[in-house]
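The following exercises are to be worked through with the sequence and the structure in view. Attempt each task before reading its solution.

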Amino acid sequence: MNPRLDQPLRLGTRRSKLAMSQSGHVADAVRAITGRPVELVEITTYGDVSRENLAQIGGTGVFVTALRDALLRGEIDFAVHSLKDLPTTQPDDLVIAAMPPREDPRDALVARDGLTFEQLPDGARVGTGSPRRMAQLNHAARALGKRIETVAIRGNVDTRIGFVRNGELDAVVLAAAGLNRIGRSDEATDFLSVDSVLPAPGQGALAVECLASDAELIAALAELDDPHTRAAVTAERSLLAALEAGCSAPVGALADLLADGQTVNEMRLRGVVGTLDGTTLVQLSTTGPVPQSYDDAMALGRELADEMLAKGAAGLMGERSL
């Protein structure tokens with residue numbers, strides 16, 4: 001990192017309105033910490049240009065690889081990712097220097113006529129690009145005694161909400177954090193309780209990544225880090241990594257910090273995998289002391305994953321072929 005204060009730091013970001021918004025917030029914080037200008041460098045990723053379903057192109061890494069390549073080539077100094085887009089294995093030459101405080105991790109419904117999920121009619125068409133959401137939404141509808149049709153969609157927030165506005169779909173499901181970050185949370189007609197729909201591991205959190213060799217920048221970015229967010233997300237991603245190794249079912253996970261008065265003293269980790277039609281879910285939770293180290297958080301996720309695999313998680317969509 002060049003010590004010259006007038007030398008801009010280059011922040012790599014995807015080009016979407018949401019990515020630019022969340023990167024802009026990080027840029028403001030880094031300017032305040034370092035006293036240096038920060039310029040956004042827009043980078044197009046494979047996930048941005050491909051029109052294939054995320055489930056088909058693998059999901060993990062498609063929004064990340066181009067940013068990481070730019071880091072390794074020295075074209076940018078650091079990058080901001082949506083944490084749920086990051087593969088669970090971390091490259092040795094890059095480091096996640098900060099996970100800022102997490103936004104709302106829930107999923108949000110944007111439905112016609114202001115409808116909530118419970119008010120959707122039988123047979124409602126609900127758009128989402130996420131197998132995880134499909135499994136849990138179908139399960140939640142069954143619990144209400146009705147059926148919905150989940151429709152695979154792609155596109156940015158405007159495109160997805162447009163499917164509802166033009167009458168093509170009755171509703172779409174998006175991450176609440178994304179709507180909040182672009183100032184459009186008022187368009188949500190319902191926020192889905194995590195008791196019925198667990199989010200993607202890391203949903204609502206950001207990862208600020210840079211070269212592992214850039215000690216000065218790592219130290220500066222560390223001031224943005226929120227230890228509770230890091231502990232929670234590390235446990236969720238550990239669960240995901242362990243399940244990815246043993247099953248191909250869509251995974252939802254959320255770690256909650258439980259407070260006794262003002263003191264946060266426990267963490268509850270919940271996980272779910274299920275069949276796309278929602279007929280079968282394996283959903284378990286575990287509660288323990290707040291992890292005090294990376295290894296503790298990783299262990300919490302692995303333990304719950306082992307329990308879920310023992311309960312049949314691997315069989316829901318077939319064993320993953322290695």
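**Exercise 1: A strand and its partners**

Strand E5 (residues 107–111) pairs with E8 in the antiparallel sense, over five bridges. The model is a predicted one.

Task: Determine which residues stand opposite Leu174 and Val172 in E8, and explain why E8 is largely enclosed by the rest of the structure.

Solution.

Step 1. Begin with the antiparallel partner, E5. Ala108 stands opposite Leu174 in E8.

Step 2. Turn to strand E6 (residues 124–128), which runs parallel to E8 and is joined to it by two bridges. Here Gly127 stands opposite Val172 in E8.

Step 3. Consider the two faces. In a regular strand, side chains alternate between the two faces of the sheet. In E8, Ala171, Val173 and Ala175 lie on one side, Val172 and Leu174 lie on the other, and all are buried.

Step 4. Conclude. Because five of the five residues of E8 (residues 171–175) are buried, the strand is largely enclosed by the rest of the structure.

**Exercise 2: A buried arginine**

Task: Arg237 is found in helix H9 (residues 227–246). Establish whether Arg237 has a salt bridge, and identify what its side chain reaches.

Solution.

Step 1. Arg237 is buried. The nearest side chain of opposite charge is that of Glu209, 7.9 Å away.

Step 2. A salt bridge requires the charged atoms to lie within 4 Å. Arg237 has no salt bridge.

Step 3. The side chain of Arg237 does reach the backbone oxygen of Pro87, at 2.8 Å.

Step 4. Not counting residues up to four places away in sequence, Arg237 touches Leu83, Leu86, Pro87, Thr88 and Pro201. Pro87 thus appears both as a residue touched and as the one whose backbone oxygen is reached.

Technical notes
Residues numbered from 1 in each chain as written. Predicted model: local features only at pLDDT ≥ 70, side-chain atom pairs only at ≥ 80, totals over all residues. Heavy atoms only, no water. Buried < 20%, exposed > 50% of the residue type's maximum accessible area, 1.4 Å probe, protein only. Helix = DSSP H or I, 4+ residues; strand = E, 2+ residues; numbered from the N terminus. Pairing = 2+ DSSP bridges. Lys, Arg positive; Asp, Glu negative; His and termini not counted. Polar contact = N/O pair within 3.5 Å; in protein donor to acceptor, adjacent residues only side chain to side chain. Contact = heavy atoms within 4.5 Å.
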